Every structure is written in C-alpha cells, then in structure tokens.
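Colleague: I am new to this structure and would like a close look at a single part of it. Please take the aromatic residues as the way in, and then follow the helices around them.

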Amino acid sequence: MSAPAAATRPAASPARQSAASAAVRPVPATAPASRAKPAPQPLWTRNFVAGTLLNFFIAGNYFMLMVVMTAYALAVYQAPAAVAAFCASAFIVGTLFSRFTAAPLMERFGRMPLLLVGCIAEVGLTALYLLNEPVGTLIGVRLVHGFAYGVCSTTIATVITSVVPPDRKGEGIGYFMLSVTLGSAIGPFAGIFLANNFGYPVVFIVASVLVAASIPAALLLRPAPSTRVRGNEQEAEAEMASASDAVAGTVADAPLEQAREDAAAVADNTRAACAAAAVSADDAPCPVCADADADCPACGRVPSTHLEEVVAAKVEGSPLARFVEAGVLPISVVCGLLFFGYSSLLTFLTPYATEIGLARAASVFFVVYALAMFATRPFTGRAFDRVGPHPVMVPAFVSFVLGMVVLALASNDWMVLGAAALLGFGVGTVQSCGLAMAVRVTSDARLSVANATFYMLLDVGVGVGPILLGAVVPLIGYANLYLAMAAIGACALALFLVVAKTEKGAR
C-alpha cells in the first residue's frame with residue numbers, strides 16, 4: 001500500500017489494534033509444554049456401560065415389536081391394512097410428541113427419576129400386549145409406549161452425553177450409538193423368528209423381559225452431581241442439544257456427534273480466516289465471530305439452490321425459525337421421502353414374506369441389512385469427504401431402487417437377502433451423508449436445530465408411511481407396493497439432484 005493511501009486510511013479501533021498485535025505476538029518458548037494434553041479420562045465407566053446397555057435394551061424392544069405389529073393386527077384382529085399399519089406407526093407418533101416434552105419433564109422431575117419411571121412404564125406397556133385388548137386400545141397403548149420410549153431414549157442420551165469426557169465425546173457417542181445399530185439388527189431378527197416359530201405371545205414375553213433388563217441398568221447409573229443441570233436453564237439446553245444429536249432418529253443411527261464436531265471444526269477454521277481478513281483489511285469484524293445478529297458472507301450458510309433461498313425466505317423471521325433450520329429443509333425432505341419408502345420394510349415385510357413363503361429369509365433380513373450398513377458406512381463417509389455428495393449418494397439412491405425391485409420380484413431366500421444388502425447400503429448412506437450435507441454448511445449455533453429438523457422429517461416419513469401405504473396395499477398387493485417404493489426412491493433421487501445441484505457453492 002502506498003504512503004499517501006496509508007495516510008488517508010482511518011485508524012483502526014483500539015480493540016482491532018489489540019487483536020492485530022495479539023495475532024503477531026511471538027509465542028513463548030514454553031508454550032508447547034504449557035499446552036501439553038493431560039492423560040485421557042476413562043470412557044468405559046460403570047455409568048457409560050450401564051447407560052449403553054440400557055439403550056440397547058429399549059432399542060431392541062422397539063425394533064422387535066415394530067416389525068411384527070402390523071402382521072399381529074392383521075392376523076389376530078383381522079384389522080384392515082390401514083388400521084394394522086397404524087398400529088405400528090402410532091409408536092412413532094408418540095415418540096415425536098415426547099421430543100417436545102422430554103426436556104421440561106427432566107427439568108421438573110430430574111433425570112434419574114424420570115428414566116426409572118420410563119423404564120418401568122415400558123415394561124408394563126409391553127406386557128399389556130398380552131391381554132389382546134381391542135384394536136382401539138392397542139393403538140392407544142402403542143401411542144403411550146412410543147412416548148415412554150422417546151422419554152427414556154432422550155433421557156439416557158442426556159445422561160451419557162453428560163458423563164462422557166469432553167475430549168472423548170465423539171468416540172463415546174459413537175460407541176453409545178452402536179447400541180441402537182445392534183438393537184436394529186437383533187430386535188427384528190428375534191421378533192420375526194419368534195413370531196413365525198412360537199407365536200406372538202412369546203414375542204411379547206421376550207420383549208417384556210428384554211426391556212425389563214433396563215431397570216437394573218438404570219439403577220446402576222450414578223451420574224456425578226456436577227452433571228445434573230436441573231434448575232440451570234442454559235446448561236440444560238446445551239446438554240439437551242447434545243443429547244438430541246445423539247438420540248435423534250429412532251429409525252437408524254448415525255455418527256451425529258462426530259458430524260457435529262467436524263462441522264464445529266470447519267466453522268472454527270472459517271471464523272479464524274474471516275477474523276484475519278477483517279484485521280488485515282480493517283473492515284468490520286466478522287458478525288458471526290463477534291456474536292452479532294447480522295449475516296456474515298464468509299461464515300454464514302450459502303443457499304445451494306433457488307429452492308433453498310425460497311424456503312429460507314419463508315421460514316426465517318417466522319416463529320418456525322426457533323424450531324426449524326430453513327436451509328436444512330430441502331435435503332431433509334429428500335431423505336424423509338426415502339425413509340417413507342423404508343417404512344414399508346418395517347411395516348409390511350413380515351406379511352409379505354409369509355405370503356410368498358419366504359418367512360425364513362425375512363427373519364434374518366434386518367441382520368443382513370445392518371451388516372451392510374456396518375460394512376459400507378466407513379468407506380462412504382470417507383468418500384463423501386473426498387469427492388462430495390454426488391458420487392456417493394447417487395449410487396446409494398440407485399441401490400435403494402434396485403433393492404426394492406429385487407424384493408418385489410423375490411422368489412427365493414437369496415433374492416430377499418440380496419435386497420437387504422442393497423437396501424442397507426442405500427438407506428444407511430443416504431441417512432449419514434444427508435446429515436453431513438445438512439450440518440457441514442450450518443453455523444455451529446444452529447447445529448442442534450439442524451439435527452432436529454433433519455431427523456424430524458425422517459420420523460415423519462417413517463410415521464406417515466404405514467398409514468398411507470396401509471390404505472394402498474389392499475388395492476395393489478405387497479409386490480406392487482415395493483415396486484411403487486422403487487419409484488419413490490427414483491423420485492427421491494431426482495429431487496436430490498435438484499436440491500444438491502450447486503451444493504459445492506457452500507463456502
């Protein structure tokens with residue numbers, strides 16, 4: 001810069017000069033030693049093990065009952081397909097309602113009392129299925145059972161996120177969420193196997209015994225008093241946001257905490273670059289870095305498409321902005337549409353497999369499904385980071401479509417299991433990479449809202465699917481239903497290509 005120009009440039013503010021001088025101040029020679037990391041705190045404590053086991057018990061109970069409930073209502077009550085499907089999806093409705101009430105209940109009654117009462121309620125509600133109550137009462141039980149499950153899963157996630165050491169948060173939440181993956185594999189396998197070989201009363205007895213094991217696990221929990229935030233609203237909100245990321249989505253697990261930390265790291269790097277640019281150019285400080293209300297072109301979210309701009313304009317400034325992250329809605333709708341198709345597996349796989357004489361393969365369908373998720377998720381996650389969403393998610397959508405077609409045309413056990421592998425890769429990849437797309441261009445302050453928005457749309461897809469599809473099944477049959485779900489997957493792919501058309505425009 002020339003001398004005259006420098007002379008006419010206004011003087012930087014004292015705060016700016018102080019920040020600039022701090023940026024160039026030499027680091028003392030002893031700094032590395034002072035920043036030496038302490039020894040990592042233990043992760044596998046009694047609280048962590050007991051909480052992870054408890055989460056497995058309640059997740060296993062949920063998945064065991066979900067996959068047999070439609071067939072149970074059809075066989076025992078001779079209920080219409082739509083009513084039988086709602087017997088399954090009513091659970092999701094109760095779970096969604098619990099998302100809005102779990103935090104106030106924890107604040108009012110405390111975590112541990114609420115968790116213990118919730119576990120006891122789950123045992124009692126599961127045992128009620130043995131009474132062969134009228135179908136209306138069965139739906140009511142499912143609603144209350146879903147609420148109890150949602151309260152328990154949110155509360156235990158809150159406890160776990162409070163006891164995991166801060167420097168091992170990603171590792172701890174990753175291990176904790178494996179309990180859901182394990183429950184999603186063992187629960188459906190046990191439910192279908194027991195229903196086919198021993199009858200539905202045995203399913204309900206085993207499910208009751210499984211969830212009853214959560215009571216001693218809850219009694220073993222002894223979180224430190226410092227982790228109990230009852231009465232402290234700000235700390236309670238912070239931990240509930242972290243717990244929501246860990247428990248959001250009762251359908252399938254995802255590396256939520258790791259995605260949250262990755263997004264935070266990206267945001268920190270962007271803020272640092274923006275702050276340096278502001279100091280060097282003597283512009284106004286970055287509003288995001290300065291915690292201001294204005295938008296920052298370097299740190300804010302850049303709309304991917306005109307569709308996202310329109311959605312954001314509608315939501316921002318409205319009361320919905322408190323609960324919904326507008327920029328996440330497009331990709332959330334895409335993934336929710338795919339999970340609408342996925343709901344047909346949870347609801348109608350058992351009666352369909354029984355109809356075509358392949359019930360044996362259906363009993364291990366979700367085991368193969370979970371193994372496919374386990375095997376492909378590490379590779380797809382790394383590929384997503386290297387090459388972006390399109391090369392990873394387009395094959396996943398195609399795999400979902402092919403899986404549904406193979407399932408619709410299945411004539412032997414191997415076709416059913418092949419469909420399970422294709423669907424496991426497709427659903428698992430779309431879910432995890434869709435979440436990554438949502439959070440990696442969302443400011444850190446809105447990450448919890450973005451996660452909640454994403455998984456709320458997934459839950460809506462899974463909850464509404466059985467109701468709508470139950471009305472369609474009597475008209476077209478199960479095989480045509482799964483062909484229709486293949487078409488839904490193709491529509492989701494087309495919508496994804498529109499939503500993510502300029503996704504790399506995110507700064």
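Modeller: One aromatic cluster is formed by Tyr 72, Tyr 77, Tyr 129, Tyr 200 and Phe 204. The model is a predicted one.

From this cluster, Phe 204 leads to Thr 126, since the two are in contact. Thr 126 belongs to helix 6, which covers residues 111-128. With a relative accessible area of 0%, this threonine is buried, because the limit for that word is under 20%. Apart from neighbours within four places in sequence, the contacts of Thr 126 include Asn 61, Leu 65 and His 145. Ala 207, Ser 208 and Val 211 are also among them.

Helix 6 also packs against helix 5, which runs over residues 81-109. The angle between the two helices is about 120°, and their axes are 7 Å apart. On the side of helix 5, the contact involves Ala 102, Leu 105, Met 106 and Phe 109. Helix 6 meets them with Arg 111, Pro 113 and Leu 114. By type, the residues of this contact are 6 nonpolar and 1 charged, with no polar residue.

A second threonine, Thr 70, sits in helix 4, residues 46-77. Its relative accessibility is 0%, so Thr 70 counts as buried. The side chain of Thr 70 comes to 3.3 Å from the backbone oxygen of Thr 347. Leaving out residues up to four places away in sequence, Thr 70 touches Thr 347 and Phe 348, and also Ala 84, Ala 85 and Ala 88.

To return to the aromatic rings, the whole structure holds 21 aromatic pairs. A pair of rings is described by how far apart the centres are and by the angle of the planes. One of the pairs joins Phe 397 and Phe 496, with 5.4 Å from centre to centre and 35° between the planes. This pair is classed as tilted, because its angle is neither under 30 degrees, as for stacked rings, nor over 60, as for edge-to-face ones. Phe 397 is in helix 17 (residues 390-408) and Phe 496 in helix 19 (residues 447-499), so the pair ties together parts that lie 99 residues apart in sequence. Phe 397 counts as buried at 0% relative accessibility, and Phe 496 is buried with a relative accessible area of 0%.

Conventions: Residues numbered from 1 in each chain as written. Predicted model: local features only at pLDDT ≥ 70, side-chain atom pairs only at ≥ 80, totals over all residues. Heavy atoms only, no water. Helix = DSSP H or I, 4+ residues; strand = E, 2+ residues; numbered from the N terminus. Buried < 20%, exposed > 50% of the residue type's maximum accessible area, 1.4 Å probe, protein only. Contact = heavy atoms within 4.5 Å. Polar contact = N/O pair within 3.5 Å; in protein donor to acceptor, adjacent residues only side chain to side chain. Axes fitted to C-alpha atoms, helices over the stretch in contact; angles between N-to-C directions. Nonpolar A, V, L, I, M, F, W, Y, C, P; charged D, E, K, R; others polar. Phe/Tyr/Trp six-rings, centres within 6.5 Å; stacked < 30°, edge-to-face > 60°.
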